[in-house]
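Here is a short report on one model. Read it with the sequence and coordinates open.

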Amino acid sequence: MANEKQVDRLKRAFRVASASWDRAAARTAPGEIACRAGCFGCCIGLFDISLPEAVLVRAGVDRLAVGDREDVLRRARRIVEESAPAFPGDARTGLLDPDRSEDADDDYFAVVADRACPMLELPSGRCRIYEERPVTCRTYGFAWASDGAVFHPPCGLNLPGASGERQLETSVDIGLLDQAEDVAADLAAGLGIEPGSETTIAHAVLGTAFGPPPG
Ligand code: SF4
């Protein structure tokens, strides 16, 4: 389990990602972005997250009110159980195999592509762990760039018909984000796992690698 200081450090680091999104938004013209409260297309389908992201997700779940936490746990359990045969790793610990093939990865994330994130409150579209959400959630919507090149396009609802140049102008530079790697080593040592360990949001909630299974 992360201590309060580590959780604060993770939150500070990830706020840098939120600020990068805000800067990208400030470079857009009216009508170029569709992101708004209640739009949750980017919360459908699982994706891989890093150890610092997983630890912060778990901290977010820990502070939820009982009713919300129970709903999150029920939905996470259902995803983990139903997708276990395809999970390219250990579904009990929640850890993805660091040596998994790209095909195994693609196959798994295709299986869970239609699953709503357990943190998503429906029908409001509110994220229950907004303050603790992963970097991916904080930066989605705009293109992701690194070293001056786009490597992931913006959400299909944003920047319709934008040229590559326009996508780059409004991108979030992932390479410049604070990924809290300094804390990752401490967190990993405390949990007895590798700092580069990856998981998903559902597995971060339930995986024994991230603490005792929540009740
Ligand atoms: S953590 Fe929150 S923002 Fe991220 S996918 Fe889940 S509901 Fe959406």
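In which helix does Arg12 lie? Arg12 lies in helix α1, residues 4–26. The model is predicted.

## Helix α1 and its partner

Arg12 counts as exposed, because it has 12 C-beta neighbours inside 10 Å and the limit for exposed is 12 or fewer. Pro98 is 86 residues from Arg12 in sequence. In space, the C-alpha atoms of Arg12 and Pro98 are 27 Å apart.

Helix α1 packs against helix α7, residues 181–191. The angle is about 145°, and the axes are 10 Å apart. The crossing of α1 past α7 is left-handed. On the α1 side, the contact uses Gln6, Arg9 and Leu10. On the α7 side, it uses Val183, Asp186 and Leu187. By class, these contact residues are 3 nonpolar, 1 polar and 2 charged.

## The ligand shell

Which residues surround the ligand? Four cysteines are hard to miss in the list: Cys43, Cys117, Cys127 and Cys137. The others are Met119, Leu120, Ile129, Arg133, Pro134 and Ile201.

The shell has 9 nonpolar residues, no polar ones and 1 charged residue. Arg133 is the charged member, because Arg is classed as charged.

## Arg58 in helix α2

Arg133 also appears in a distance to Arg58. The two arginines are 75 residues apart in sequence, yet their C-alpha atoms are 9.9 Å apart in space. Arg58 sits in helix α2, residues 51–62.

Is Arg58 buried or exposed? Arg58 is buried, because 24 other C-beta atoms lie within 10 Å and 20 or more is the mark for buried. Beyond its neighbours within four places in sequence, Arg58 is in contact with Ala204, Val205, Phe210 and Gly211.

## A three-stranded sheet

In what order do the 3 strands of the open sheet run? The order is β7-β6-β8, with mixed pairing. Strands β7 (149–152) and β8 (172–173) stand at the edges. Each has a single partner strand, so one side of each lacks a neighbour in the sheet.

Strand β6 covers residues 144–146. It pairs with β7 in the antiparallel sense, over 3 bridges. Ser146 has Ala149 of β7 as its bridge partner. The hairpin of β6 and β7 has 2 residues between the strands. In that hairpin, Asp147 takes a positive phi near 50°.

## Backbone exceptions

Most residues other than glycine have a negative phi, and most peptide bonds are trans. Several sites here depart from that pattern, and they are worth a check in the viewer.

Leu159 has a positive phi, near 45°. It lies in the loop between β7 and α6 (164–169). Leu159 counts as buried, with 24 C-beta neighbours inside 10 Å. Ala180 also has a positive phi, near 60°. Its place is the loop between β8 and α7. Ala180 counts as buried, with 23 C-beta neighbours inside 10 Å.

Which residues does a cis peptide bond join? The bond joins Leu122 and Pro123, with omega about 10°. Pro123 lies in the loop between β4 (120–121) and β5 (126–127).

## Asp103 and Pro195

Asp103 lies in helix α4, residues 102–111. Asp103 is exposed, with 9 other C-beta atoms within 10 Å. Pro88 is 15 residues from Asp103 along the chain. Their C-alpha atoms are separated by 9.8 Å.

Pro195 is in the loop between α7 and β9 (198–200). Pro195 counts as partly exposed, because it has 16 C-beta neighbours inside 10 Å, in between the limits of 12 and 20. Leaving out residues up to four places away in sequence, Pro195 touches Leu51, Ala184, Ala185 and Ala188. Asp178 is 17 residues from Pro195 in sequence. The C-alpha atoms of Pro195 and Asp178 are 15 Å apart.

Definitions and conventions. Residues numbered from 1 in each chain as written. Predicted model: local features only at pLDDT ≥ 70, side-chain atom pairs only at ≥ 80, totals over all residues. Near = placed C-beta within 6 Å. Pairing = 2+ DSSP bridges. Helix = DSSP H or I, 4+ residues; strand = E, 2+ residues; numbered from the N terminus. Axes fitted to C-alpha atoms, helices over the stretch in contact; angles between N-to-C directions. Left-handed = near helix turned anticlockwise from the far one by under 90°. Contact = placed C-beta atoms within 7 Å.
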